[in-house]
Amino acid sequence: MFFMKLMNDGGPMMWVILFCAAVAFFIFMLKVMQFHRDEIKVRELLRGLFNVLKREGIVEALTLCDNTPGPVAKLLSAGIIARQRGDEDIRGAIDDAALEELPKLERHINLLGTLSYILPLLGLLGTVLGLLEAFEAIKASEYFSAGDIGEPLAKALLTTAAGLVAAIPCHIAYNYLVARVESITLDMEKAALELCGFFERGKSEEHEEKK
């Protein structure tokens, strides 16, 4: 089998690279599924919440947040609960919820970034080891031929290629996930601002009515 021949020709470092690549792929798929599961239409959620809150349907609003996946709903729920308790610092309650949700979004992504960085280094290490074997073969033979150093040189080239082949998509995947986190974080910020603005407008209207 061609794949197994490549792995055997490349030496032990090829298996290390393969393991790291498999871990990177697992992390990427895990995060993609998480983001897909948590993906919502923030504008529609806010519209529904505001319609319910205008009728003072706090329980219904909290139920809507609980039934909606993703960190945006968690932040909105924290803000509504703070409002229900009569807390003045609603934004503080939302920020506290964000501190709990952001690590969940970023979990394992740094590991993916680390793997994208070290995979070429692993390939380079395999190259150095292959070159050392080639030099040992030269030293051991007074009259060496190309065949004596062909195998270690092939190992050196294969590990370099394998490290780059694994690292390039890994780096692309890392940047993609970072962009997704930034997009979700922006949605969280916008939703928090709109909820706080809605409550502020409600306070102003109540104040005007009392006058």
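Leaving aside neighbours within four places in sequence, with which residues is L119 in contact? In this predicted model, the contacts of L119 beyond that window are I17, C20, A21, G163, A166, A167 and C170. L119 also belongs to the largest nonpolar core, a set of 52 residues, where it is listed with L53, L76, I80 and L195 as touching the most other members. Helices α2 (12-38), α3, α4 (58-66), α5, α6 (90-106), α7 (109-140) and α8 each contribute at least two residues to this core. The greatest contribution comes from α8, which provides 15 residues. In soluble globular proteins, nonpolar side chains tend to be buried together.

Helix α5 comprises 15 residues (residues 71-85), and at 1.5 Å a residue a span of 21 Å is expected; the C-alpha atoms at its ends are 21 Å apart, so the model agrees with the expected value. Buried positions in α5 are P71, V72, A73, L75, L76, S77, A78, G79, I80 and A82. Two of these, L76 and I80, are among the core residues that touch the most other members. After α5 comes G86, which has a positive phi, near 85°.

Aromatic pairs number 3 in the structure. In one of them, the ring centres of F50 and F198 are separated by 4.6 Å and the ring planes meet at 5°, and the pair is therefore stacked. Because F50 lies in helix α3 (residues 42-54) and F198 in helix α8 (residues 146-210), this pair ties together parts that are 148 residues apart in sequence. F50 and F198 are both buried. Together with F199, these two residues form a cluster linked by ring pairs.

How values were computed: Residues are numbered from 1 along each chain as its sequence is written. This is a predicted model: local features need pLDDT of at least 70, side-chain atom pairs count only at pLDDT 80 or more; totals for chains, interfaces and linings use all residues. Side-chain values use heavy atoms; hydrogens and water are left out. Helices (H or I, at least four residues) and strands (E, at least two) are DSSP runs, numbered from the N terminus. The expected span of a helix is 1.5 Å times one less than its number of residues. Buried means under 20% relative accessible area, exposed over 50%, partly exposed in between (1.4 Å probe, protein chains only). Rings of Phe, Tyr and Trp (its six-membered ring) pair if their centres lie within 6.5 Å; planes under 30 degrees apart count as stacked, over 60 as edge-to-face and the rest as tilted. A nonpolar core is a set of buried Ala, Val, Leu, Ile, Met, Phe, Trp, Tyr and Cys residues joined through side-chain atoms within 4.5 Å. Contact means heavy atoms within 4.5 Å.
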